[in-house]
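Reader: I am new to this structure. Please take me through its salt bridges, and show me what surrounds them.

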Amino acid sequence: MQDKPVTLAAVTGAHGVAGEVRLKLFGEGLEGLKPHKSFNEGALTLSKVRSDNKGGAIARFAEVADRNAAEALRGTVLTVPRSALPALEEGEFYYSDLLGLAVVTDAGDEVGRVCAVENFGATEIVEIEKPDGKKFMVPLTEQAVPGWDAEKLTLNADFVD
């Protein structure tokens, strides 16, 4: 896959008055975030980060001096280049690998594009947007999704909504 950015966290708001921010963590959580000091192609430099003991984190960035600047970052995602992440084991993938992929049935019919990947506990769920704008979800299981590559995700035709 190409070296497109991978999202590790998102800023959910300011924390305190000194410029710290609250983070929603993705992937490996805090342990996946700690090794990285530069985010968003160098726009944000991590000075320190700690757990908020609620599954998120509190972070300070060198470029953020006060609460107003921290609040302005609300909604900002923290990305790193894929090349900055560890190599994947067999069967592992990053959600960003699937986002935007064309979706076709196992018979070759075009279905739409992957617009989201979620995990509500049991397994990953792929959300697919059809050309008419309607969306549907399928489980990321071998029965529903026999496979994917860098260009397309193949969907069992029985799962097309």
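Author: Here is a walk through the salt bridges, with the cores and one helix residue alongside.

The model is a predicted one. Its salt bridges number six. In general, side chains of opposite charge can pair when their charged atoms come close.

Start with Arg60 and Glu20. Their side chains form a salt bridge, at 3.9 Å from N to O. That falls within the 4 Å cut-off for a salt bridge. Arg60 belongs to strand β5 and Glu20 to strand β2. The two residues are 40 residues apart, so the pair links distant parts of the chain. Glu20 has a relative accessible area of 10%, so it is buried. Arg60 has 22% relative accessibility, so it counts as partly exposed. The cut-off between these two classes is 20%.

Now take Asp97 and Arg82. Here the salt bridge has an N to O distance of 2.2 Å. Asp97 sits in helix α3, while Arg82 is in the loop between β6 and α3. The pair therefore ties together parts that are 15 residues apart in sequence. Both Asp97 and Arg82 are buried.

Helix α3 covers residues 95–98, and Ser96 is found there too. With a relative accessible area of 13%, Ser96 is buried. What does Ser96 contact, leaving aside its neighbours within four places in sequence? The answer is Lys4, Pro5 and Val6.

A further salt bridge joins Lys152 and Asp149, with their closest N and O atoms 3.5 Å apart. Lys152 is partly exposed, at a relative accessible area of 34%. Asp149 is also partly exposed, at 29%. Elsewhere, salt bridges that share partners join Glu20, Arg50 and Arg60 into one network.

Next, the nonpolar cores. The largest one has 24 residues. Val21, Leu23, Leu33, Phe39 and Phe61 have the most contacts inside it. Several elements give two or more residues to this core, including β2 (20–25), β4 (44–51) and β5 (57–61). β1 gives the most, with five residues.

Look at Phe61 in particular. Not counting residues up to four places away in sequence, Phe61 touches Val21, Phe39, Leu44, Thr45, Leu46, Ser47, Leu73 and Leu78. Apart from this largest core lies another, of 16 residues. Among its members are Val117, Val126, Leu140 and Leu155.

Technical notes
Residues numbered from 1 in each chain as written. Predicted model: local features only at pLDDT ≥ 70, side-chain atom pairs only at ≥ 80, totals over all residues. Heavy atoms only, no water. Helix = DSSP H or I, 4+ residues; strand = E, 2+ residues; numbered from the N terminus. Buried < 20%, exposed > 50% of the residue type's maximum accessible area, 1.4 Å probe, protein only. Contact = heavy atoms within 4.5 Å. Core = buried A, V, L, I, M, F, W, Y, C linked by side-chain atoms within 4.5 Å.
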